[in-house]
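Okay, everyone, let's get going. I'd like to walk you through one structure today, so have a look at it and then we'll tour the parts I find worth talking about.

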Amino acid sequence: MPRILMYHNFCGPTETDTDAVSTVMIRRQLEYLSRHYHVVSLAYLIEHLSSSRPVGNRTVALTIDDGRRSCYEFLFPLLREFRMPATFFVVSSFIRREDWVWTDKVLWLSEHQSAPSELAPHRIEDLFRMLNQMRPQVRNARIESVARGMNLSIPKQPPSKYAPCSWSELREMVDSGLVEIGSHTVSHPILASLTDNESWHELTSSRAQIEEGLGTKVVSFCFPNGKPGDYRQSQVRQVKEAGYLSALVTRSGMIGPGADLYQLPRIGVSGHSDSLDFAKHLDGAEYYQEKLQTSLRARARN
Ligand SMILES: [Zn+2]
């Protein structure tokens, strides 16, 4: 079964940031992939899946979400060195420097000494769960009020760690023939918190903005957050109606026979993953564990 890996953020060799994969780790991971796997472009994978043509054993596609500059600075030189393709899903208003990604604003606030307890590492997931369910305006107001409570104002432009790629950096990566740019919406909303009219706008305007900025066609989409419950089935249909060829989610897994091309699962890689974790995730440890649990549960019921 093919797999799609999901990355977000990268950092230099001496930085220790658990949200980011360091160049030391990513080099090890790409070396491992080049020895044991066949890294293909998402376009190649989708073409094969949609025509039910078999893909080789141990096929992997690489994807990176959001469009932070760290992808260009730290990952792209390694993609070049290893001649490996990847797809970058970018938030169009972020690349246009109209705003930065709201989830990064929360993370940025959490890095401050004065951060309230709801931003503590063991509680921040609960906060995200709550924010994910809010309408975007309410969510933004809530984030602003957390900042005010810390006597901070969120800067208009993101600090360098959370800065976006520029259009020319994205174009340079596309021109290398290794990188495809896909859409990750205009403003990174949780689609389930929007009306269908609003999600249609996010799907179509982001593509128009990226196509205008790059001069290339955009055919792939990736759901923000992308867990079950973060989008509705009507919005999965919208992605197809809007003309995208595939859509990726965050549900962990491998791509089994007859997989829905508009809800393709991925395997996440974070700064927490060491070499063993990486090999284990890639080999589908979670996927088989889930299958085993399902069959054991069914057996227990009988
Ligand atoms: Zn994202």
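Let's begin with the open space. The largest pocket holds about 1,400 Å³. And keep in mind as I go that this is a predicted model.

So who sits around that pocket? There are 46 residues in the lining, and nearest to the centre are His8, Glu125, Phe128, Asn225 and Lys227. If you'd rather think in terms of elements, β5, α5 (102-110), α6 (124-132), β9 (246-252) and β10 (264-268) each put in at least two lining residues. As for chemistry, the lining of the largest pocket splits into 14 nonpolar, 19 polar and 13 charged residues.

Then there's the second largest pocket, at about 280 Å³. It has 20 lining residues, and Pro136, Arg139, Asn140, Ser187 and Glu202 are the ones closest to its centre. Which elements supply at least two residues each to this lining? Those would be α4, α5, α7 (136-149) and α9. The largest share comes from α7, with four residues. By type, the lining of the second largest pocket has eight nonpolar, six polar and six charged residues.

Now for enclosed space. How many cavities of 30 Å³ or more turn up in a search of the whole structure? One, and its volume is about 30 Å³. The residues around this cavity are Val106, Leu109, Leu119, Leu127, Leu131, Arg142, Ile143 and Val146. Elements giving two or more residues to that lining are α5, α6 and α7, and α7 gives the most, three residues. Here the lining breaks down as seven nonpolar, no polar and one charged.

On to the metal, which I suspect is what some of you came for. Which residues give the zinc ion its protein donors? Asp66 does through OD, and His184 and His188 each do through NE2, at 2.1 to 2.2 Å from the zinc ion. If you want to find the donors in the sequence, the spacing is D-x117-H-x3-H. Asp66 belongs to strand β5 (residues 59-66), while His184 is in the loop between β7 (179-183) and α9 (196-214), so this pair ties together parts of the protein that are 118 residues apart in sequence. Are those two buried or exposed? Both Asp66 and His184 are buried.

Staying in that loop for a second, let me point out Thr185, which also lies between β7 and α9. Thr185 has a positive phi of about 75°, although it is not a glycine. As a reminder on the background, most residues other than glycine have a negative phi. Thr185 is buried as well, with a relative accessible area of 0%.

There's another residue like that to look at, Arg83. Its phi is near 50°, again positive and again not a glycine. Arg83 is in the loop between α3 and β6. Is Arg83 buried or exposed? Arg83 counts as exposed, because its relative accessibility is 56% and the cut-off for exposed is over 50%.

Next up, helix α8, residues 167-175. Its buried residues are Trp167, Glu169, Leu170, Met173 and Val174. Those residues cover an arc of only 165° around the axis, which puts them on the same side of α8. If you're wondering about the logic, an α-helix has 3.6 residues a turn, so residues three or four places apart point the same way. And what do the buried residues of α8 pack against? Their partners are α3 (69-82), β6 (86-90), α4 (92-95), β7 and α9. Just after α8 comes Gly177, with a positive phi of about 80°.

Last stop is Arg53. You'll find Arg53 in the loop between α2 (42-50) and β5. Arg53 is partly exposed, with a relative accessible area of 42%. Leaving out residues up to four places away in sequence, Arg53 touches Glu47 and His48. And to place Arg53 relative to Thr185, the two are 132 residues apart in sequence, with 30 Å between their C-alpha atoms.

That's the tour. Happy to scroll back to any part of it.

Notes. Residues numbered from 1 in each chain as written. Predicted model: local features only at pLDDT ≥ 70, side-chain atom pairs only at ≥ 80, totals over all residues. Heavy atoms only, no water. Donors = N, O, S within 2.8 Å, 3.2 Å for Na, K, Ca; no water. Buried < 20%, exposed > 50% of the residue type's maximum accessible area, 1.4 Å probe, protein only. Contact = heavy atoms within 4.5 Å. Arc of directions from axis to C-beta. 1 Å grid on protein atoms, 1.4 Å probe; cavity = no way out; pocket = protein on both sides within 12 Å on 5 of 7 lines; lining within 4 Å. Points joined across faces, edges and corners; volume = space filled by probe spheres on them. Nonpolar A, V, L, I, M, F, W, Y, C, P; charged D, E, K, R; others polar.
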